[in-house]
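I am keeping these notes as I work through a structure, looking up one thing at a time. Each entry records what I looked for and what I found.

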Amino acid sequence: MYTTRNDLMSGSKGPKAVVLLDKVSTVYEGERFPAIRDVSLCINAGDFVCVIGPNGSGKTTLLETVNGILRNTSGNVRVFGLDVTESGHSVRTRTGYVIQNFEIDPLSPFLCKNVVMSGRVGKIGLLRFPSERDWAIVDESMRLVGMDSSADRPIGKLSGGEFQKILLARAIAQEPEMFLLDEPFANLDLKSRADVDRLISDLNRKGATTVMVSHDIDSIPFSCSHIIVMNRGRVAAFGPRDELLQNGVISSLMKVRGSAV
Amino acid sequence: MISLPFALLVTATLGSILAGLSCSIAGVFVVRLNIASIGFCMSHAAFAGAAFGLLIEVDPLLTAMLFASVTALLLAPVANRAKLNTDVVIGIMFSLMIALAFVFLNLSPGEAASGAALRILWGSIFAVSEYDVLYLALLCAMMVSFVTLFYKEIFALMFNQKLAKAAGVNTYVFMLIVVFLTGLAVSFSLKLIGGLLVYALIINPTSTAYQFFWDFRKIMVFSPVIGVASCIAGFIFSLETDFPIGASIVIVSAILLAISIAISPKRRTAKIAAQAA
């Protein structure tokens with residue numbers, strides 16, 4: 001098993017470190033126990049990291065602590081060299097976040113193209129209006145996820161998989177330096193899953209650091225470089241993908257082999 | 001039909017148009033953000049505040065604004081922290097505010113104060129002054145400017161608050177502005193529409209617009225159009241029938257909403273889709 005802090009912190013605080021967590025705990029308001037506890041890890045620029053673990057292990061909390069949507073209760077979170085507590089806004093404009101699929105009212109008055117454009121809000125900035133270039137980026141993002149023909153469709157009329165693709169297009173349109181993807185394969189059929197897998201891997205190859213949450217070992221993309229295993233709010237293991245998958249670390253930690261963990 | 005002096009007619013007409021505009025813009029926020037309970041409580045808090053103003057002999061508009069704004073700013077965090085259901089919050093706050101209003105009115109000296117309080121309760125054309133119209137005009141200018149200048153941030157916020165924050169929108173500040181503007185719209189419309197009814201003018205026009213449009217931009221445009229139309233029609237209805245203006249406006253807006261639900265193309269499409277499935 002990898003001792004997360006020692007293995008990861010030693011020699012990794014170089015200029016390439018994009019995410020640096022040092023003894024970070026996050027407690028939800030009104031809760032007594034932290035959702036993540038004493039998490040220390042380092043993710044370098046260009047890494048493709050998969051976070052896996054059972055339900056309630058703190059995977060989503062970890063993502064939302066990284067981009068500052070949730071404020072950490074203790075420890076330090078530095079992203080792009082910035083303290084997230086102080087510079088959360090700057091961090092979030094440079095980070096594309098795909099939220100876990102949520103329910104949307106079928107009669108919601110939101111067109112797909114406008115939802116995708118809403119990903120660029122922080123990038124465009126206050127008191128500025130979307131330019132032709134912004135709309136071109138939105139069109140391209142929708143084309144990448146195969147939803148270019150759905151620009152004028154209401155978001156409430158999409159299937160779960162189509163909605164998931166629009167959320168991904170929204171994050172791509174942000175042109176982020178880092179993607180935080182929470183269960184991006186949820187609701188996707190096999191073909192769409194393979195397409196999205198390829199797209200995420202392509203974006204990572206082009207330089208975008210990627211942190212992806214999944215509850216399923218089988219959904220870990222081949223291009224994933226590292227795996228973080230979360231268990232009861234702690235990092236149970238963190239290391240190169242092949243090593244963790246080959247030496248049985250994950251299955252011994254999760255007590256389940258080759259299936260949902 | 002009631003005949004009014006020309007100056008009063010102009011004041012009341014302008015007041016109706018501006019109240020319809022401000023309340024229905026606020027309605028887009030309230031309906032979409034699912035903070036109907038906050039809007040509902042705010043309108044009754046404004047009524048209690050106005051009654052308190054009469055008691056301490058301060059301009060009821062100021063105390064109405066104060067009560068509405070403080071309630072709005074306290075309600076969400078308190079409900080969140082206490083982990084109360086919104087229905088429970090409505091029940092507690094509605095009854096508390098009405099109780100406070102009745103206590104303040106009971107303590108208010110003289111019949112004049114009681115008359116003024118009753119006008120605040122159900123609204124009156126005669127209660128609207130040139131200053132009220134001016135305040136409403138300034139508020140409408142603020143709201144239209146806010147929506148125009150920050151449309152993309154408002155859109156992101158209305159779609160999903162967490163995603164808006166993740167994209168770099170300062171959701172806390174925008175939510176504060178939205179709640180504050182809603183509080184002002186309620187307070188400024190109180191004398192005309194009435195404390196018990198102003199909430200309907202916030203909800204009904206937006207809910208009517210929702211029955212027809214898939215594009216949020218169109219909701220943002222047509223909700224105020226429907227709000228203003230409801231107010232003008234309600235005003236004429238009030239003059240014709242001698243009904244209180246607030247009640248007339250709310251009845252007209254409710255009829256429009258009922259008709260729109262019956263003929264909504266969005267619902268018809270949904271029904272066909274459901275049958276096909």
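**Entry 1: a pair of side chains in chain A.** I began with a polar contact of 3.1 Å, which joins the side chain of A:Arg120 to that of A:Glu175. I note at the outset that the model is a predicted one, and I keep that in mind throughout.

I then asked where A:Arg120 sits in chain A. I found A:Arg120 in the loop that runs between H4 and helix H5 (121-124) of chain A. Is A:Arg120 buried or exposed? The relative accessible area of A:Arg120 is 3%, and because buried means under 20%, I wrote A:Arg120 down as buried.

Next I listed what A:Arg120 touches, leaving aside its neighbours within four places in sequence. The contacts are A:Arg133, A:Asp134, A:Ile137, A:Val138, A:Ala173, A:Gln174 and A:Glu175, so A:Glu175, the partner in the polar contact, appears in this list as well.

**Entry 2: the partner, and its backbone.** I turned to A:Glu175, which lies in the loop between helix H7 (160-173) and strand S7 (178-182) of chain A. A:Glu175 has a relative accessible area of 35% and is partly exposed, whereas A:Arg120 is buried.

I also looked up the phi angle of A:Glu175, and found a positive value near 50 degrees in a residue other than glycine. I stopped over this value because most residues other than glycine have a negative phi.

Another residue of chain A gave me a similar entry: A:Glu183 has a positive phi near 50 degrees, and A:Glu183 is likewise a residue other than glycine. A:Glu183 is found in the loop between S7 and helix H8 (190-205) of chain A. With a relative accessibility of 11%, A:Glu183 counts as buried, while A:Glu175 is partly exposed.

**Entry 3: cysteines.** How many disulfides does a search of the whole structure find? The search over all chains finds zero. I followed this up with B:Cys23, which is in no disulfide, and whose nearest cysteine sulfur, that of B:Cys231, is 7.3 Å away. The cut-off for a disulfide is a pair of sulfur atoms within 2.5 Å, so a distance of 7.3 Å does not qualify.

B:Cys23 has a relative accessible area of 0% and is buried. In chain A, I found that A:Cys112 is also at 0% relative accessibility and counts as buried.

**Entry 4: the second largest pocket.** I looked up the second largest pocket, whose volume is about 420 Å³. Its lining consists of 19 residues, and those nearest its centre are B:Val147, B:Thr148, B:Tyr151, B:Lys152 and B:Arg217.

Which elements each supply at least two residues of this lining? They are helix H4 (112-117) of chain A, together with helix H1 (6-32), helix H6 (130-149), helix H7 (151-159) and helix H11 (216-241) of chain B. H6(B) gives the most, with four residues. By kind, the lining divides into 13 nonpolar, three polar and three charged residues.

**Entry 5: the two chains as wholes.** Chain A has 10 helices and 10 strands, whereas chain B has 13 helices and zero strands. Of the 261 residues in chain A, 57% are buried; of the 277 residues of chain B, 55% count as buried.

Last, I looked at contacts with a separation of 6 or more: residues 24 or more positions apart account for 68% of these in chain A, and for 79% of these in chain B.

Notes:
Residues are numbered from 1 along each chain as its sequence is written. Chains are lettered from A and ligands numbered from 1 in the order in which they are written. This is a predicted model: local features need pLDDT of at least 70, side-chain atom pairs count only at pLDDT 80 or more; totals for chains, interfaces and linings use all residues. Side-chain values use heavy atoms; hydrogens and water are left out. Buried means under 20% relative accessible area, exposed over 50%, partly exposed in between (1.4 Å probe, protein chains only). On a 1 Å grid over the protein atoms alone, a cavity is a set of points where a 1.4 Å probe fits but cannot get out, and a pocket is an open set with protein on both sides within 12 Å along at least five of seven lines; lining residues have an atom within 4 Å of a point. Grid points are joined across faces, edges and corners, and a volume is the space filled by probe spheres set on the points. Ala, Val, Leu, Ile, Met, Phe, Trp, Tyr, Cys and Pro count as nonpolar, Asp, Glu, Lys and Arg as charged, and the others, Gly among them, as polar. A polar contact is a pair of N or O atoms within 3.5 Å; within protein, one must be able to donate a hydrogen and the other to accept it, and residues adjacent in sequence count only if both atoms are side-chain atoms. Contact means heavy atoms within 4.5 Å.
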